[in-house]
Amino acid sequence: MTAPDVLISEVGPRDGLQSVKATMPTADKLRWIDALHAAGVREIEVASFVPARLLPQMADAAEVVRHAATLPGLTVMALVPNRRGAEAALAAGVHKLTMPVSASAAHSLANVRKTREEMIEEVRAIADLRRQIAPQVRLEAGISTAFGCTLQGEVPEDEVIWLAAQCVAAGADESGLSDTVGYANPAQVRRLFRRLRAEIGDKAGAAHMHNTRGLGLANCLAAYEEGVRTFDASLGGLGGCPYAPGASGNVVTEDLVFMFEAMGVSTGIDLQKLIAARAPLIAGLPGEPVYGMTPEAGLPKGFNQETAHV
């Protein structure tokens with residue numbers, strides 16, 4: 001079986017669920033993750049290892065990781081803000097750790113109560129921990145608010161690239177760029193990812209785009225044209241950042257997969273089964289708005305995913 005042209009990393013079970021007030025029952029989470037896996041999704045950020053008093057939606061993180069790790073061929077990711085979270089995630093059996101490192105000084109303090117420099121040291125500590133007890137686990141430092149910040153406004157591009165390079169130097173396997181508050185535009189995305197690749201080479205990681213201002217897919221396409229091949233997205237567009245005012249609307253996984261498949265770029269994901277995976281999401285969060293143009297409109301007449309990228 002040939003590898004897909006792009007990797008779509010589903011972040012709804014973490015990024016999506018931490019952004020809603022309701023708590024999805026664990027059984028519904030597991031059904032949702034099973035449905036995503038059945039559709040061909042091969043990387044899922046399933047949880048965040050943070051104190052349950054801060055995010056009760058993530059109180060079952062270890063149980064969710066343990067279940068997801070039984071699904072064949074699935075890379076199970078979890079977000080960890082600090083070493084304590086990393087210890088718990090590694091004990092649960094994650095395959096990949098992601099760390100939120102804010103390019104915005106103001107957002108860093110609001111989100112993780114640490115300065116950017118302190119977060120670089122946290123990356124170093126987690127990289128050392130991983131090396132000692134689970135060297136096979138990968139570590140990604142996602143540079144959040146890389147394209148602007150609702151708290152601070154403009155985030156200098158030089159600081160974004162500096163921070164990504166510092167995280168890699170501290171031991172991260174890769175560093176991607178996140179448009180946490182939907183400020184990015186395609187020209188900016190091209191410029192920053194080009195600079196990121198020039199600075200850290202093949203350690204340049206995923207594009208995490210939000211559709212807050214309607215530019216999510218355009219920004220993903222711009223990143224693809226700059227060589228990015230991993231994209232974060234959320235089923236039904238669920239999610240945002242509870243510590244960044246105005247952050248909403250992750251790129252909709254269904255729309256992103258359709259865009260790539262229609263272009264002849266394979267994702268390895270079955271669109272019909274992906275759309276069907278909305279059912280356990282909706283059942284687990286009744287009344288929560290879900291988005292997506294492709295599920296609402298349906299696939300175009302005559303569209304055949306099997307022949308789209310022959």
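**Charged pairs, one cavity and some rings**

Okay, let's start with one residue: Arg194 comes out partly exposed, at 47% relative accessibility. Before I go on, please keep in mind that this is a predicted model.

So who does Arg194 pair up with? Its partner is Glu226, and the two make a salt bridge whose closest N and O atoms sit 2.6 Å apart. These residues come from distant parts of the chain, 32 residues apart: Arg194 belongs to helix H8 (residues 186-200), while Glu226 is in the loop between helix H9 (216-225) and strand S8 (230-233). Is Glu226 buried or exposed? Buried, because its relative accessibility is 17% and the cut-off for buried is under 20%.

If salt bridges are new to you, the basic idea is that side chains of opposite charge can pair when their charged atoms come close. How many salt bridges turn up in the whole structure? The search finds 19, and I'll walk you through two more.

Next up are Arg138 and Glu174, whose side chains meet in a salt bridge with an N to O distance of 3.5 Å. Again, distant parts of the chain get linked: Arg138 sits in strand S5 (residues 138-144) and Glu174 in strand S6 (residues 174-178), 36 residues apart. Arg138 is partly exposed, with 39% relative accessible area, whereas Glu174 counts as buried at 12%.

My third example is Glu254 with Arg278, where the closest N and O atoms are 2.5 Å apart. Glu254 is part of helix H10 (residues 253-263) and Arg278 part of helix H12 (residues 278-284), so this bridge ties together parts that are 24 residues apart in sequence. Glu254 is buried, with a relative accessible area of 0%. Arg278 is buried as well, at 11%.

Some bridges also share partners, and that joins Glu43, Lys96, Arg138, Glu140 and Glu174 into one network. Hold on to those names for a second.

Let's move to empty space. How many cavities of 30 Å³ or more are there? Just one shows up in the search of the whole structure. The largest cavity holds about 30 Å³ of space. And which residues line it? They are Ser9, Glu43, Met77, Lys96, Glu140, Glu174, Ala206, Thr230 and Asp232. You may recognise some of them: Glu43, Lys96, Glu140 and Glu174 belong to that salt-bridge network, and here they are in the cavity lining. By type, the lining has five charged residues, two polar and two nonpolar.

Last topic: rings. The structure has three aromatic pairs. In one of them, Phe231 and Phe260 have ring centres 5.2 Å apart and planes at 50°, so the pair counts as tilted. Phe231 is in strand S8 and Phe260 in helix H10, so their pairing ties together parts 29 residues apart in sequence. Phe231 is buried, with 0% relative accessible area, and Phe260 is buried at 0% too. Add Tyr224, and ring pairs link it with Phe231 and Phe260 into a cluster.

To find your way around on screen, start from helix H10, where you'll meet Glu254 with its bridge to Arg278, and also Phe260 with its ring partner Phe231. That's all from me, thanks!

Definitions and conventions:
Residues numbered from 1 in each chain as written. Predicted model: local features only at pLDDT ≥ 70, side-chain atom pairs only at ≥ 80, totals over all residues. Heavy atoms only, no water. Salt bridge = Lys/Arg side-chain N within 4 Å of Asp/Glu carboxyl O. Helix = DSSP H or I, 4+ residues; strand = E, 2+ residues; numbered from the N terminus. Buried < 20%, exposed > 50% of the residue type's maximum accessible area, 1.4 Å probe, protein only. 1 Å grid on protein atoms, 1.4 Å probe; cavity = no way out; pocket = protein on both sides within 12 Å on 5 of 7 lines; lining within 4 Å. Points joined across faces, edges and corners; volume = space filled by probe spheres on them. Nonpolar A, V, L, I, M, F, W, Y, C, P; charged D, E, K, R; others polar. Phe/Tyr/Trp six-rings, centres within 6.5 Å; stacked < 30°, edge-to-face > 60°.
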